[in-house]
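Q: I have a model open on my screen and would like a guided close look at one part of it. Could you start there and then walk me outward through the rest?

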Amino acid sequence: MKKVPNRNQFSKILGLSLIVFLLFVSPLIAQEEAVADATVTEAAAGAGDAKNGKSLFNQNCAACHALNRKMTGPALMNVEARLSEEEGLDREWLYAWIKNSPGVIKSGDAYANKLYAEYNQAAMTAFPTLSNADIDDILAYTAAPPAAAPAAVPGAGEVAVGGSGGSSGVSNEIILGALVLVFGLLVVMLLLVNKTLQRIAQANGVVIEKENAEKRTPIWKAFAQNQFLVLVTAIILLLGSAYFAYGWMMQVGVDQGYAPIQPIHYSHKIHAGDNKIECKYCHSSARVSKHSGIPSLNVCMNCHKSIYEYTGNPEGPSQEDLENGYTNEFYTGEIKKLYKAVGWDEENQKYTGESQPVEWVRIHNLPDFAYFNHSQHVSVAGVECQTCHGPVEEMEIMYQYSPLTMGWCIDCHRETNVKVEGNEYYEKIHAELSKKYGVDNLTAAQLGGLECGKCHY
């Protein structure tokens with residue numbers, strides 16, 4: 001009897017692969033997740049609740065002041081200590097200044113008039129309703145050191161943000177790679193087992209013979225000889241080609257899903273979603289004009305004159321935002337592009353006059369022969385923006401949500417009832433047409449919304 005070599009290779013390979021797998025995975029499971037909590041400390045210079053002071057600062061001061069940079073007013077980090085050292089002013093002066101700054105200026109106070117002249121004679125808003133205790137809290141917040149950023153943890157981008165515990169720190173990619181490695185080892189083992197079994201069969205004198213395949217007519221030749229099958233196949237191919245050609249031609253000019261990259265990244269998800277800014281605040285022309293209008297950069301500066309950096313949501317960026325590079329630094333960089341376009345000097349808080357046009361890329365575009373009036377739909381019909389533009393408040397990058405085809409508009413006119421409440425113009429015509437059609441509520445189509453001349457001219 002012949003000796004079969006490598007008969008025990010199967011058990012050896014299996015044991016070796018198991019050891020390699022354990023060595024590969026064990027260090028990864030041992031990773032620990034580091035979480036640091038940012039806390040606001042009490043001010044050492046005086047009594048006050050820094051946590052309450054932060055809330056008061058955001059409500060009353062943040063529109064004109066920042067802690068670490070000059071805005072409409074001076075920076076307020078350690079303002080009490082700086083005024084005491086540089087100007088010899090105490091907290092009582094701050095009480096008087098915050099509660100009635102115009103009165104302090106009129107009294108002839110030297111530093112108050114110096115500050116008034118330095119900031120283009122823009123007097124600070126008086127806050128007589130703030131108590132001394134409230135001001136103490138605000139000063140405690142301005143004297144508190146900034147919260148330290150959480151330390152970077154290797155592989156932190158691979159772990160879900162906000163997890164409270166129990167996470168092993170092993171990413172899905174690493175686990176998948178380990179499984180692929182094990183699968184590859186199993187394939188190799190199966191090949192070795194097959195080879196070993198063949199050698200055992202040869203050693204025992206077992207002969208494996210392959211059956212000779214019967215000679216048959218090739219399928220393609222048999223198909224070509226059957227004229228009926230050839231005819232049916234040709235008809236099916238012609239009909240299928242006509243169907244797909246028609247579908248392709250019907251999509252010409254339909255840009256549903258179009259999402260161009262804009263020169264300045266604008267997140268509707270942050271503005272309309274997180275901050276609840278109404279659509280018509282920026283697109284104010286939609287109320288009174290055919291077009292919704294592109295908001296001017298001055299509208300942006302109404303807020304971003306004071307909002308010079310993006311600090312993110314309290315819950316932190318999502319995993320999807322991090323994967324797409326939408327970090328706080330990214331959004332802050334886009335604000336700097338806005339400043340460059342309008343010619344805003346951050347340091348001196350004034351316009352330089354050196355502006356640059358922003359070449360926005362148009363997303364929604366109807367053919368020239370189609371007429372659409374935003375004001376008629378928004379102001380008269382009361383149609384919500386999301387009806388046509390989709391969930392704008394969830395869009396990081398704005399895209400065309402609806403097909404904007406003629407059939408899509410007609411379907412809407414056939415299904416939408418006309419709102420006549422509080423509209424005397426529609427009351428008489430609604431009463432007459434309701435009798436004519438025998439309905440209680442008229443649709444836009446019954447009111448003439450399907451007439452060609454309504455949309456084409």
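Which residues of helix α2 (residues 50–60) are buried?

A: Happy to take you through it. Please keep in mind that this is a predicted model.

In helix α2, the buried residues are A50, G53, L56 and F57. If you look down the axis of α2, these buried residues fall within an arc of 110°, so they line one face of the helix. Part of what covers them is α7 (132–143). Turn to the other side of α2 and you will find K51 and Q59, which are exposed. There is also a detail at the start of α2: a side-chain oxygen of D49 comes within 3.1 Å of the backbone nitrogen of K51. K51 therefore appears twice in this picture, as an exposed residue and as the residue whose backbone nitrogen D49 reaches.

Now follow the chain out of α2. The loop between α2 and α3 (79–86) holds R69, and this residue is linked to a distant part of the chain, since its partner E346 sits in the loop between β1 (344–345) and β2 (350–351), 277 residues apart from R69. The two form a salt bridge in which the closest N and O atoms are 2.5 Å apart. Side chains of opposite charge can pair when their charged atoms come close. The two ends of this bridge sit in unlike surroundings: R69 counts as buried because its relative accessible area is 16%, under the 20% cut-off, while E346, at 22%, is partly exposed.

E346 has a further partner. Its side chain also meets that of K336 in a salt bridge, with 2.9 Å from N to O. K336 lies in helix α15 (residues 328–342) and E346 in the loop between β1 and β2, so this pair ties together parts that are 10 residues apart in sequence. K336 is partly exposed, with a relative accessible area of 32%. Through shared partners, the salt bridges join R69, K336 and E346 into one network.

A search of the whole structure finds 8 salt bridges. Another one of them is formed by the side chains of K280 and E278, at 3.6 Å from N to O. Here K280 is buried at 17% relative accessible area, whereas E278 is partly exposed at 44%.

From there, move on to the loop between α12 (279–282) and α13 (297–304), where H291 lies. H291 has a relative accessible area of 46%, which makes it partly exposed. Setting aside neighbours within four places in sequence, H291 is in contact with S285, A286 and H374. You can also look across to F372: it is 81 residues from H291 along the chain, yet their C-alpha atoms are separated by 8.2 Å.

For a buried loop residue, try S402, in the loop between α17 (385–389) and α18 (406–415). Its relative accessible area is 4%, so S402 is buried. Beyond its neighbours within four places in sequence, S402 is in contact with Q256, T387, C388 and W408. With C388 there is a polar approach as well: the backbone oxygen of C388 lies 2.6 Å from a polar atom of the S402 side chain.

Next, the surface. F223, F228, L229, V230, V232 and I236 make a nonpolar surface patch of about 530 Å². Helix α10 (residues 227–250) gives the most to this patch, with 5 residues. V232 is placed in α10, and its relative accessibility of 30% makes it partly exposed.

A last stop is helix α19 (residues 424–437), where you will find A431. A431 is partly exposed, with 38% relative accessibility. N441 is 10 residues from A431 in sequence, and the distance between their C-alpha atoms is 9.5 Å.

To return to where you began, α2 keeps A50, G53, L56 and F57 buried, with α7 among what covers them, while K51 and Q59 are exposed on the other side. The loop after α2 then leads you to R69, and R69 to the network with K336 and E346.

Methods:
Residues numbered from 1 in each chain as written. Predicted model: local features only at pLDDT ≥ 70, side-chain atom pairs only at ≥ 80, totals over all residues. Heavy atoms only, no water. Helix = DSSP H or I, 4+ residues; strand = E, 2+ residues; numbered from the N terminus. Buried < 20%, exposed > 50% of the residue type's maximum accessible area, 1.4 Å probe, protein only. Polar contact = N/O pair within 3.5 Å; in protein donor to acceptor, adjacent residues only side chain to side chain. Contact = heavy atoms within 4.5 Å. Patch = residues over 30% accessible without salt bridge, like charges linked within 9 Å, V, L, I, M, F, W, Y side chains within 5 Å. Areas by Shrake-Rupley, 256 points an atom, 1.4 Å probe, with all protein chains shown as cover. Salt bridge = Lys/Arg side-chain N within 4 Å of Asp/Glu carboxyl O. Arc of directions from axis to C-beta.
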